[in-house]
Amino acid sequence: MPRWGMVIDLDRCTGCGACVVACQAENNVPINTEDVYHQRRAIEWIRLERYWEGEYPNIKARYIPVPCMHCQNAPCEPVCPVYATYHTSEGINMQVYNRCIGTRYCAINCHWHVRFFNFWEPKWPDSLKNQLNPNVTVRSRGVMEKCTFCIQRVVKAEHQAKLEGRDLEADEFTTACAQACPAEAIVFGDLDNPNSRVAQLVNSAVNERGYRLLEDLGTEPSVYYLKKIDPEAAAEEHSGH
Ligand code: SF4
């Protein structure tokens with residue numbers, strides 16, 4: 001049985017935002033208009049956080065893409081009164097839309113703020129109606145939603161492998177964000193398959209650049225990050241300053 005996970009290499013990420021747009025198109029994420037944004041109710045299943053490091057004039061822009069962490073001890077799961085959010089046997093934190101009654105306890109309990117509530121009925125301009133993905137439910141007003149690790153792609157690949165009477169191969173498919181990233185900063189796959197890129201990266205990362213966001217909370221996120229390499233800091237360290 002696979003255990004799905006992701007590695008995001010911050011040394012490769014340029015902050016281009018292709019992952020955000022790809023996720024929005026793949027998962028029928030509602031369009032954020034300016035008024036929605038100003039009410040702080042914008043929805044993005046993967047968001048790009050930007051922050052600054054250093055003091056002017058030696059200041060550098062840093063980026064960090066943040067999807068759902070798919071925690072193995074997810075704090076959002078035990079607080080849902082109707083089991084709308086639950087854990088699959090393959091390690092994905094799932095959301096059942098037609099069970100959700102909109103209490104939003106899960107969003108309050110998520111330390112990464114990656115759960116989004118539909119405060120309005122989503123609307124798309126006519127020119128974009130045909131681009132909706134038929135494999136993904138269009139969520140209505142009043143339900144919670146978030147990154148599913150592109151569960152529709154996971155299920156499709158698993159069905160295809162079953163039809164062909166074989167096991168799923170390592171890196172046979174990937175999520176929309178990983179597929180769109182021009183820098184190949186995002187790698188998705190089976191953490192339990194030693195042949196998958198994600199498992200190889202995680203295992204090598206443990207000794208080197210790997211970490212997880214808010215790891216000390218003990219929620220066991222399935223998303224790993226690889227630290228950015230700062231050549232100047234590395235050179236200084238090397239020269240002993
Ligand atoms: S697509 Fe890749 S490089 Fe661009 S912001 Fe996303 S992770 Fe970074």
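Of the 241 residues in this protein, 43% count as buried. Please keep in mind that we are looking at a predicted model. The surface that the protein exposes comes to about 13,700 Å², and carbon and sulfur atoms supply 51% of that area.

Let me give you the overall layout. There are seven helices and 10 strands in the protein. Its radius of gyration is 19 Å, close to the 18 Å that the globule rule gives for 241 residues, so the protein is as compact as a globular protein of that length. If you turn the C-alpha trace along its principal axes, you get spans of about 60 × 50 × 40 Å. For a feel of the longer distances, take Glu-236, which sits in helix α7, residues 231-239. Its C-alpha atom is 53 Å from that of Ser-127, and the two residues are 109 apart along the chain. Glu-236 itself is partly exposed, at a relative accessible area of 48%.

How much of the contact network comes from residues 24 or more positions apart? Such residues account for 64% of the contacts with a separation of 6 or more. As for charge, the protein has 25 positive and 31 negative charges, and the mean positions of these two sets are 7 Å apart.

Now to the aromatic rings. The structure holds seven aromatic pairs. In one of them, the ring centres of Trp-4 and Phe-173 are 5.4 Å apart with the planes at 70°, and because of that angle the pair is edge-to-face. Trp-4 belongs to strand β1, residues 4-9, while Phe-173 is in the loop between α4 (151-163) and α5 (176-180), so this pair ties together parts that are 169 residues apart in sequence. Trp-4 is buried, with a relative accessible area of 3%, and Phe-173 is buried too, at 16%.

Another pair is Phe-149 with Phe-188: their ring centres are 5.1 Å apart and their planes meet at 65°, so this pair is edge-to-face. Here again distant parts of the chain are linked, with Phe-149 in the loop between β7 (144-145) and α4, and Phe-188 in strand β8 (residues 186-190), 39 residues apart. Both of these phenylalanines are buried. And here is how the two pairs come together: ring pairs link Trp-4, Phe-149, Phe-173 and Phe-188 into a cluster.

Let's move to helix α1. Which of its residues are buried? They are Cys-19, Val-20, Ala-22, Cys-23, Gln-24 and Glu-26. As a reminder, an α-helix has 3.6 residues a turn, so residues three or four places apart point the same way. The buried residues of α1 pack against β2 (47-53), α4, α5 and β8.

A glutamate in that list deserves a moment. Glu-26 is in α1, which covers residues 18-26. At 15% relative accessibility it falls under the 20% cut-off, so Glu-26 counts as buried. What does Glu-26 touch, leaving aside its neighbours within four places in sequence? Its contacts are Asn-133, Val-136, Cys-150, Gln-152, Arg-153 and Ala-176. After α1 comes Asn-28, which has a positive phi, near 50°.

That brings me to backbone geometry. Most residues other than glycine have a negative phi, and most peptide bonds are trans. So which residues should you look at here? Cys-150, one of the contacts of Glu-26, has a positive phi, near 45°. Cys-150 lies in the loop between β7 and α4, and at 6% relative accessibility it counts as buried.

Tyr-83 also has a positive phi, near 55°. You will find Tyr-83 in the loop between β3 and β4 (85-87). Is Tyr-83 buried or exposed? It is exposed, with a relative accessible area of 59%.

Last on my list is a peptide bond. Tyr-56 and Pro-57 are joined by a cis peptide bond, with omega about 5°. Pro-57 is in the loop between β2 and β3 (60-66).

If you open the model afterwards, I would start with the cluster of Trp-4, Phe-149, Phe-173 and Phe-188, then turn to Glu-26 and its contacts, and finish at the cis bond between Tyr-56 and Pro-57. Thanks, everyone!

Notes
Residues are numbered from 1 along each chain as its sequence is written. This is a predicted model: local features need pLDDT of at least 70, side-chain atom pairs count only at pLDDT 80 or more; totals for chains, interfaces and linings use all residues. Side-chain values use heavy atoms; hydrogens and water are left out. Helices (H or I, at least four residues) and strands (E, at least two) are DSSP runs, numbered from the N terminus. The radius of gyration is taken over C-alpha atoms; the globule rule is 2.2 Å times the number of residues to the power 0.38. Buried means under 20% relative accessible area, exposed over 50%, partly exposed in between (1.4 Å probe, protein chains only). Contact means heavy atoms within 4.5 Å. Accessible areas come from the Shrake-Rupley method with a 1.4 Å probe; for residues, only the protein chains shown count as cover. Lys and Arg count as positive and Asp and Glu as negative; His and the chain ends are not counted. The place of a charge is taken as NZ of Lys, CZ of Arg, CG of Asp or CD of Glu. Rings of Phe, Tyr and Trp (its six-membered ring) pair if their centres lie within 6.5 Å; planes under 30 degrees apart count as stacked, over 60 as edge-to-face and the rest as tilted.
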